[in-house]
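Here's a quick walk through a two-chain model, going from the overall make-up down to a few residues. Have the viewer open while you read.

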Amino acid sequence: MITMLVIALALGALAVLYAAVRSRRTSSNKGIRHVDVPALRTLMDREDEEFLRNRLPRARFTRLKRKRIMVTFRYVGRISANTAVVMRLGESVRFHSDPAVAQTAVQITELAAQIRLQCLVAFAKLSAEFAMPSLQLTPATLVPKYQTLRENVMRLGALETQNVAPAAVAI
Amino acid sequence: MSLQSVVQGVWAIGLVLQFLLAATLLAKKTWGKLPLFVVYAVFNLFESVVMYALLSHRAAYFYAYVAGETIAVALGLAVVYEIFIRLFLLYPGLQRVTRLSLYGVVAVLILLAVAVLASHTPIGQNGVLQAVLLVEEAARVVELGLLTFLFVFYSLFGLHWRQSVFGITLGLGICTVVKLLALTVMPYMSPSGALAINVISVLAFDCSLLIWLGYMLAPERVINTGELPQRAQLEQWNQAIMELINQ
């Protein structure tokens, strides 16, 4: 039994190593992608959801809600991927000779990390709602934090135009 | 060509690679950034040279193996610790969640390591060697578990790996996977099977050496900001976010 567990751990680790090498090849080429924040807000709007719940038959509402969740998943996925890019950019300038640039980079990296963490929670919540559409667990704090991140990246862009300007505009 | 001479040939190649790695690490002054890895690499070279020299002296070889493996396993765990410190210092915002999940993972891994130790007791007549191999297996479980945790955690958070640190972690991971599998299945093997596993184990270590050398010599990747969206598209996005704020 223990031998099988150890072998499973080793084989699992091998799979993780393979996945890490593969994802490293692709992730370095990723840039920031567009996020339609108003559309995301609409998707997360509970009033809208209540309206649909009251108007539609249960089966149809369940189907529709699952579709909405799938789309929300994609939006959150994009935010999540964007924060990874921001963290990479932030890390690349955190040892900048200008202390103001370096400090802003640290703040951005930290905030991006927090958002990424929230995205993981959001994924878990959305998965739960997908499994049980009657649940209401929308991660409401994600959008305001993303907005704060945007402001900080703008600040960094103003301080260090050469490296991060496109990201600053993009976020 | 006998399997024994294949082992010696692969071992000799490993010696050359270890020498090259040590030279590269010293030439690139890596001890300033990754001192424990440099110690680990230099110690591995030293151990291999000593073991190669003692091949024909069975008793001395045995004691050198026991001492060498004990130190190498401890240094391997130290390198994992060094990688953790280096990687997570970059992201202070993640320290709390890292610490919490790390404690959980370490607790599970220690339990598994204890279970490995308990499942093989009482130790037979060939006590010392068996005990050393057992402790090595338990330590490898912890080492591999931590490396896997590191890869999973980094992937979950989409964090950026420095080229050299990624190479070190990958090489260490491959080497540890094969060593752990070898240690686990060795007791169930015939003598010829055990020898074949030894060849695979040495080959895996040589493969790790090549990975370490490759990643040490390769230039650090420049972060590409050129593929970010066009300005007009970005302005549109900005506008949308501003509308969101003001609504």
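What follows covers the two chains, then the pocket, then two residues of chain B.

Keep in mind that this is a predicted model. Let's start with the chains. Chain B holds 8 helices and 0 strands, so its elements simply read α-α-α-α-α-α-α-α from the N terminus on. Chain A follows with 7 helices and 0 strands, and its order from the N terminus is α-α-α-α-α-α-α. The table puts the overall numbers for each chain together.

| Chain | Residues | Buried | Accessible surface | Carbon and sulfur share of surface |
|---|---|---|---|---|
| A | 171 residues | 44% of residues | about 8500 Å² | 60% of area |
| B | 247 residues | 46% of residues | about 12200 Å² | 69% of area |

How do the contacts spread along the sequence? Taking contacts in chain A between residues at least 6 apart in sequence, 75% join residues at least 24 apart. With that same sequence cut-off, the figure for chain B is 77%.

Now for the pocket. The largest one offers about 1600 Å³ of space. Several helices of chain B give two or more residues each to its lining: helix 1 (3-27), helix 2 (35-53), helix 3, helix 5 (127-157), helix 6 (163-185) and helix 7. Which helix gives the largest share of that lining? That's helix 7 of chain B, with 9 residues. In total, 42 residues line the pocket, and the ones nearest its centre are B:Met51, B:Tyr61, B:Tyr65, B:Met186 and B:Asn198.

Staying with helix 7, which spans residues 191-217 of chain B, have a look at B:Ser201. Is B:Ser201 buried or exposed? Its relative accessible area is 12%, and because anything under 20% counts as buried, B:Ser201 is buried. Setting aside neighbours within four places in sequence, B:Ser201 is in contact with B:Val178, B:Lys179 and B:Ala182.

For the opposite case, go to helix 3 (residues 58-88) of chain B, where you'll find B:Tyr81. B:Tyr81 has a relative accessible area of 54%, and since the exposed class begins over 50%, this residue is exposed. B:Tyr81 also belongs to a nonpolar surface patch with B:Ile85 and B:Leu89. Together, the three residues of that patch have about 330 Å² of accessible area.

Technical notes. Residues numbered from 1 in each chain as written. Chains lettered and ligands numbered in written order. Predicted model: local features only at pLDDT ≥ 70, side-chain atom pairs only at ≥ 80, totals over all residues. Heavy atoms only, no water. Patch = residues over 30% accessible without salt bridge, like charges linked within 9 Å, V, L, I, M, F, W, Y side chains within 5 Å. Areas by Shrake-Rupley, 256 points an atom, 1.4 Å probe, with all protein chains shown as cover. Salt bridge = Lys/Arg side-chain N within 4 Å of Asp/Glu carboxyl O. Helix = DSSP H or I, 4+ residues; strand = E, 2+ residues; numbered from the N terminus. Buried < 20%, exposed > 50% of the residue type's maximum accessible area, 1.4 Å probe, protein only. Contact = heavy atoms within 4.5 Å. 1 Å grid on protein atoms, 1.4 Å probe; cavity = no way out; pocket = protein on both sides within 12 Å on 5 of 7 lines; lining within 4 Å. Points joined across faces, edges and corners; volume = space filled by probe spheres on them.
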